[in-house]
Amino acid sequence: LPNLFKEAAPVLELIENAGYEAYFVGGSVRDHLLGRSIADVDIATSALPEELKRIFSKTVDVGIEHGTILVHHGRNHYEVTTFRSETGYSDFRRPDSVTFIRSLKEDLQRRDFTMNAIAMDRTGQIIDPFGGRDAIDQRIIVTVGDPDARFGEDALRMLRAVRFLSQLSFSIEQHTFESLAANSQRLENIAAERKLSEFEKLLLGPRRQEAIQLLSKSGMSRYLPGLNEKNRQLISFSSHLTSDLDLAEIWVLLLFELGLSGKEVDNFLREWKHSVQKIKRYKQIHSMLLHRFEYQWNLESVYKAGLDVAISAEKVFGSLRQDECSLEVVIQLYDLLPIYNRRQLAVSGNDVMTWMTKQPGPWLSETMAEIERAVIFGKVPNEKEKLKEWLNAFNRESEKN
Ligand code: ATP
Ligand code: MG
């Protein structure tokens with residue numbers, strides 16, 4: 001067994017010794033059976049949250065309303081979730097109520113896909129009542145039970161199906177596939193935050209091109225923020241997702257493919273519930289990308305963008321205009337910069353006011369910007385005395401004109 005399971009085994013044993021059942025479940029078991037590396041293990045148990053708290057001295061209520069608590073053990077902590085069934089889906093979203101149960105099988109039955117409905121005990125014994133191992137062997141994504149019913153209960157599962165296709169390079173079983181198209185409209189009711197999380201995993205998967213095409217073909221993309229009637233743009237987007245782009249760069253590529261500008265960019269990113277910081281960064285990269293279509297990089301644009309933003313913009317540019325892309329140029333220009341931000345200027349606004357014996361006003365920031373430009377382009381060294389001389393000459397020149 002992989003180390004992560006071995007390290008967590010004592011947690012399962014402690015729960016068992018107290019008279020309950022405990023198993024590894026979910027993605028870690030699936031990934032283990034697939035021979036993929038696992039990031040963390042999830043534990044499911046017949047013990048109620050209150051009963052777990054009597055077993056472990058250190059716990060945190062991370063999602064106690066769903067029956068999940070965090071258990072500290074040794075150097076690690078684990079999410080332990082009480083077996084539950086979910087009943088009463090009235091609005092195609094979250095279950096109305098969570099019912100804790102003592103049956104593993106019933107807990108596995110509420111899970112989305114057969115490959116995710118497998119349990120493993122601490123010795124490595126597999127409990128697989130819904131044929132999950134077969135599905136993994138055949139590399140297919142198939143719902144536990146009737147797909148129409150399961151997608152009706154929670155429409156996010158449809159997006160998860162396509163996300164797993166992208167991540168695992170599985171295909172979607174025929175009935176499950178047909179059900180995606182038939183039920184796509186149910187995605188309307190799903191919160192953007194939940195869509196975002198699955199969509200981003202999809203965007204990073206090795207089969208993302210196929211996954212995006214499937215979103216478009218099945219009609220699911222109509223119910224994703226800002227993507228209704230954007231099939232042509234989505235296909236173009238997927239066709240340009242060839243190089244090694246990070247998530248920020250992928251979002252900027254999407255902004256570009258959608259042809260958004262100004263306020264539309266803000267609205268689109270906000271609809272997807274991106275954080276304020278991310279929106280700010282994506283907008284910076286996007287605006288440098290648009291700039292890049294008009295101009296080659298120069299010292300000033302690299303300075304203004306900053307190295308990270310400039311590189312990201314150039315990478316996105318490269319995915320659109322492969323032969324014209326040059327990360328080298330960006331890096332070389334950046335290396336040539338005498339300063340990287342205004343704070344590094346050898347003069348301050350106060351110096352300039354004193355030299356010119358003038359009250360502050362709009363002239364000051366204009367003058368500072370001129371000094372900054374002169375330094376960036378190497379017209380004057382970034383030294384106080386030299387800058388004073390340069391400024392005097394510059395002012396004489398401006399008076400003449
Ligand atoms: P990953 O490796 O990306 O974390 P995962 O399969 O562990 O994939 P999670 O979102 O972490 O996915 O969910 C853990 C488990 O909970 C799943 O394997 C599945 O059994 C169950 N699950 C998660 N979301 C749903 C859902 N919307 N409907 C039914 N079961 C779900
Ligand atoms: Mg997981």
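**Group meeting: overall shape and one helix pair**

Hi everyone, let me start with contacts in the protein: taking those between residues at least 6 apart in sequence, 62% join residues at least 24 apart. Please keep in mind that this is a predicted model.

Now the general picture. What does the secondary structure come to? The protein has 20 helices and eleven strands. Its radius of gyration is 28 Å, and the globule rule for 401 residues gives 21 Å, so the protein is well over that value and more spread out than a compact globule. If you prefer box dimensions, the C-alpha trace spans about 90 × 50 × 35 Å along the principal axes. As for burial, 36% of the 401 residues count as buried.

Let's zoom in on one pair of helices. Helix 12 covers residues 247-257 and helix 14 covers residues 276-294. How do they cross? Their axes come within 9 Å, at an angle of roughly 55 degrees, and the two helices are therefore oblique to each other. For those of you who like handedness, this crossing is right-handed.

And which residues meet there? On the helix 12 side we have Ala248, Glu249, Trp251, Val252, Leu255 and Phe256. Facing them from helix 14 are Arg281, Tyr282, Ile285, His286 and Leu289. Sorting the residues of this contact by character gives eight nonpolar, one polar and two charged.

So that's the tour: a protein more spread out than a compact globule, with helix 12 and helix 14 making a right-handed crossing. Thanks for listening, everyone!

Key: Residues numbered from 1 in each chain as written. Chains lettered and ligands numbered in written order. Predicted model: local features only at pLDDT ≥ 70, side-chain atom pairs only at ≥ 80, totals over all residues. Axes fitted to C-alpha atoms, helices over the stretch in contact; angles between N-to-C directions. Helix = DSSP H or I, 4+ residues; strand = E, 2+ residues; numbered from the N terminus. Parallel < 35°, antiparallel > 145°, perpendicular 65-115°, else oblique. Left-handed = near helix turned anticlockwise from the far one by under 90°. Contact = placed C-beta atoms within 7 Å. Nonpolar A, V, L, I, M, F, W, Y, C, P; charged D, E, K, R; others polar. Rg over C-alpha atoms; globule rule 2.2 N^0.38 Å. Buried ≥ 20, exposed ≤ 12 C-beta atoms within 10 Å, placed from the backbone.
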